[in-house]
Amino acid sequence: MSKVTQIAHPLVLHKLSIIRDKETGSKDFRELVEEVAMLMAYEVTRDFPLEEVEIETPICKTKCKMLAGKKVAIVPILRAGLGMVPGMLKLIPAAKVGHIGLYRDEETLKPVEYFCKLPQDIKEREIIVTDPMLATGGSAIDAINSLKDRGAGNIRLMCLIASPEGIKAVMDAHPDVDIYVADIDEKLNERGYIVPGLGDAGDRLFGTK
């Protein structure tokens with residue numbers, strides 16, 4: 001069964017509170033989403049395997065730990081997931097970045113895929129799917145389906161805020177995918193939005209309505 005990890009670090013929760021505030025403008029919102037994603041990336045990559053290597057310091061040769069050749073792909077769900085990528089690349093600059101474009105049908109609340117571009121060796125990579133909001137879970141489930149259809153197997157989902165309903169939906173659909181969130185909110189409202197949430201993450205990131 002998939003594991004759900006809430007990254008309730010004081011700095012993460014502090015910045016998330018400012019992100020939630022309706023008075024926070026797009027510039028600050030973008031910067032804070034990037035910062036929170038970078039902080040969360042520490043936990044998401046905590047169990048990446050290490051190998052012992054020999055290096056030479058200015059003093060002598062020594063053995064140290066480095067990542068064990070693990071290749072990483074960050075796959076944001078367009079468009080809001082893009083806001084989390086720069087912070088993660090600061091920690092994992094060698095990661096490749098794929099993109100999956102989905103939009104939510106306002107009538108059915110179901111996601112529709114319109115774009116998918118992934119690294120050619122996606123099957124060999126440890127994949128971190130990013131989306132600020134895990135609401136109904138539909139977009140995340142479809143994005144993970146798209147990745148699995150293309151041969152991907154090692155997938156993690158990273159979100160800022162999740163609803164209990166969204167977490168359950170992803171766990172039921174993809175019990176092999178671990179979920180990392182900064183906070184778990186109360187519920188979804190009748191329109192499928194997270195309460196209290198932070199509004200539409202894409203609109204707030206890019207200043208659109």
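**Pockets and cores in a predicted model**

Reader: Which residues lie nearest the centre of the largest pocket?
Author: The model is predicted. Its largest pocket has a lining of 31 residues. Nearest the centre of this pocket lie Ala80, Arg104, Asp131, Ser139 and Asp200.

Reader: Which elements give two or more residues to the lining of the largest pocket?
Author: Both strands and helices take part. The strands are S4, S6 (99-104), S9 (133-134) and S10. The helices are H4 (138-149) and H6.

Reader: What is the volume of the largest pocket?
Author: The lining of the largest pocket divides into 18 nonpolar, eight polar and five charged residues. The volume of this pocket is about 690 Å³.

Reader: How many charged residues are in the lining of the second largest pocket?
Author: The second largest pocket holds about 180 Å³ of space. Its lining includes Tyr42, Arg46, Phe48 and Pro93. Nine of the lining residues are nonpolar and one is polar. The number of charged residues is one.

Reader: Which helix gives the most residues to the largest nonpolar core?
Author: This core has 34 residues, and Ile19, Met158 and Leu160 have the most contacts inside it. Elements that each supply at least two residues include H1 (10-20), H2 (26-44), S10 (154-162) and S11 (178-184). Eight residues come from the top contributor, H2.

Reader: How many residues are in the second, separate core?
Author: Among the members of the second core are Ile127, Leu134, Ile144 and Val181. Val181 is also touched by Leu160. The second core is separate, and its residue count is 26.

Reader: Where do the buried residues of H1 sit around the axis?
Author: The buried residues of H1 are Val12, Lys15, Leu16, Ile19 and Arg20. An α-helix has 3.6 residues a turn, so residues three or four places apart point the same way. The buried residues cover an arc of only 145° around the axis, so they sit on the same side of H1.

Reader: Which residues are exposed on the other side of H1?
Author: The buried residues of H1 are covered by elements including H2, S10, S11 and H6. The other side of H1 has exposed residues: Pro10 and His14.

Reader: Is Thr24 buried or exposed?
Author: Thr24 is placed in the loop between H1 and H2. Leaving out residues up to four places away in sequence, Thr24 touches Ile18, Phe29, Leu32 and Arg204. Its relative accessible area is 13%. The cut-off is under 20%, so Thr24 counts as buried.

Definitions and conventions
Residues are numbered from 1 along each chain as its sequence is written. This is a predicted model: local features need pLDDT of at least 70, side-chain atom pairs count only at pLDDT 80 or more; totals for chains, interfaces and linings use all residues. Side-chain values use heavy atoms; hydrogens and water are left out. A nonpolar core is a set of buried Ala, Val, Leu, Ile, Met, Phe, Trp, Tyr and Cys residues joined through side-chain atoms within 4.5 Å. Buried means under 20% relative accessible area, exposed over 50%, partly exposed in between (1.4 Å probe, protein chains only). Helices (H or I, at least four residues) and strands (E, at least two) are DSSP runs, numbered from the N terminus. Contact means heavy atoms within 4.5 Å. The arc is that of the directions from the helix axis to the C-beta atoms. On a 1 Å grid over the protein atoms alone, a cavity is a set of points where a 1.4 Å probe fits but cannot get out, and a pocket is an open set with protein on both sides within 12 Å along at least five of seven lines; lining residues have an atom within 4 Å of a point. Grid points are joined across faces, edges and corners, and a volume is the space filled by probe spheres set on the points. Ala, Val, Leu, Ile, Met, Phe, Trp, Tyr, Cys and Pro count as nonpolar, Asp, Glu, Lys and Arg as charged, and the others, Gly among them, as polar.
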